Amino acid sequence: MIYLIYFLLLLNILILAAYNKKKLKKYFYKSEIIEKDIIDLHPIFKLRKISKNLKGPTRKSIVRNFCISAGNNITGMTSNYESWIISVLSTISKNIFEFGTCSGKTSYLMALNSDKDSKIYTITLKPQDIDNYKKKIGDSDIAQKNIINESIYDKFLFTDEPEEKKIKVIFMDSLLFNEKEFHNEVDLIFIDGGHTFSVVKNDSEKAFKMVKSKGVILWHDYNLGKKSSKDVVKYLNLISKDKKIFKVKNTSFCFYQES
Ligand SMILES: C[S@@+](CC[C@H](N)C(=O)[O-])C[C@H]1O[C@@H](n2cnc3c(N)ncnc32)[C@H](O)[C@@H]1O
C-alpha cells in the first residue's frame, strides 16, 4: 500500500513538472544576459497609448505578414512576435543579411517590408551537400542533427513572387563564406543558421565585421534549458562578457547594436 502511495505521489510530481516545464526552466536557468524591452533597441517600437489600459502599434510599426499553419511542417520558424520585430527592423534597413534561410520565411518578410531598393542576402546549405557536412569537435549533437534536418529546401516561400528579385540566396557553408565585401555595410543581420558552437561562433564573428554603424545583429534561439539551443546560449553567454549584447524580453532573440 505504501508503495502505491509513493508511486502516486511521484506520478503527481511528474505530471505537475511536465505541465509547468516552462516555469520550472525559468527557475533553474537564469539568463546571464541582461533583458531589455524591444523599445530599448529602437524608438520605432514605441507603442501608442490608446486608453488607460490599452496600447497599440503606431503606423510605423504596422507591417506585412503571413502565417503558415503548423500542419505544413515547416522547420525553424520564428514566433509571431519575433517575425514582427524583424519585419519592423526591415522597414528601416537597406542592406540585410541572414545566416540560415530554411523555408525563406524570414527573408520573405524582410523583402515584403523593406524599401523597394533594399537588398536581402541569405546564406544556406544546399540539400545535396549535406551528406558531406561533418560535425566539428565540441559541437552539440542535437544542433548538428538539426542542421541536417533543416537543410532540405532549394526553393523558398518567396520563389516566383515579385519580392524574389530583392533576395539573393547564397548556397554555401557559412564556414567557407568570405564576408569581406560586406564589411561595415550591413544594417540588419539575422543569425539563425547552424546552431552548433562552431557555426554560431563563425557567423557571429563575421557579422561583427559586416555590421555598419548603428546597424543591428539579432540572434535567434537564445533558449535557456533547450538542448538544441545549448551551443547558442553557451556562445552568447561567453561573448556577452565583452560585447554589449542584450536579450529581448518575451523572445528568444538577443541583439547587439554597433555604436
Ligand atoms: C533554423 S533554419 C533557418 C530559419 C530561417 N532563418 C527562418 O527564420 O525561417 C537553419 C538554416 O541554417 C542553414 N545552415 C545551417 N548550418 C549552416 C552553415 N554552416 N552554412 C550555411 N547555412 C547553414 C540550414 O541549411 C537551414 O537553412
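1. Let's start with the helix pair H3 and H4, which cross in a right-handed way. Keep in mind as you read that this is a predicted model. H3 covers residues 80–91, and its axis comes within 8 Å of the H4 axis, at a crossing angle of roughly 40 degrees. Oblique is the word for H3 against H4, because angles that fall outside the roughly parallel, antiparallel and perpendicular ranges count as oblique.

2. Who touches whom here? On the H3 side you'll find Ser83, Ile86, Ser87, Ser90 and Thr91, and they meet Thr106, Leu109, Met110 and Asn113 of H4. Sorted by class, this H3–H4 contact has six polar residues, three nonpolar ones and no charged residues.

3. On to the ligand. There are 23 residues around the ligand, and Gly76, Gly100, Cys102, Thr106 and Gly194 come nearest. Three elements give two or more residues each to this shell: helix H4 (105–113), strand S5 (119–124) and helix H5 (141–150). Thr106 is worth clicking on, as it appears in the ligand shell and also in the contact with H3.

4. What classes of residue make up the shell around the ligand? The split is eleven polar, seven nonpolar and five charged.

5. Now have a look at H6 (residues 197–210) and H7 (residues 230–239). Their axes are 8 Å apart, and the two helices pack at an angle of about 45 degrees. That angle makes H6 oblique to H7. As for handedness, H6 passes H7 in a right-handed crossing.

6. Which residues make the contact between H6 and H7? From H6 come Phe197, Val200, Lys201 and Ser204, while H7 brings Asp231, Val232, Lys234 and Tyr235. By class, the H6–H7 contact comes out as four nonpolar, three charged and one polar. So charged residues are present in the H6–H7 contact, whereas the H3–H4 contact has none.

7. Finally, the domains. The chain is divided into domain 1, residues 1–30, and domain 2, which is written as two segments, 31–59 and 76–257. The C-alpha centres of domain 1 and domain 2 lie 35 Å apart.

Conventions. Residues are numbered from 1 along each chain as its sequence is written. This is a predicted model: local features need pLDDT of at least 70, side-chain atom pairs count only at pLDDT 80 or more; totals for chains, interfaces and linings use all residues. Axes are lines fitted to C-alpha atoms, for helices over the stretch in contact, and angles run from 0 to 180 degrees between N-to-C directions. Helices (H or I, at least four residues) and strands (E, at least two) are DSSP runs, numbered from the N terminus. Angles under 35 degrees count as roughly parallel, over 145 as roughly antiparallel, 65 to 115 as roughly perpendicular and the rest as oblique. A crossing is left-handed if the near helix is turned anticlockwise from the far one by less than a right angle, and right-handed if clockwise. Two residues are in contact if their C-beta atoms, placed from the backbone, lie within 7 Å. Ala, Val, Leu, Ile, Met, Phe, Trp, Tyr, Cys and Pro count as nonpolar, Asp, Glu, Lys and Arg as charged, and the others, Gly among them, as polar. Domain bounds come from an automatic or database domain assignment. A residue is near a molecule or strand if its C-beta atom, placed from the backbone, lies within 6 Å of it.
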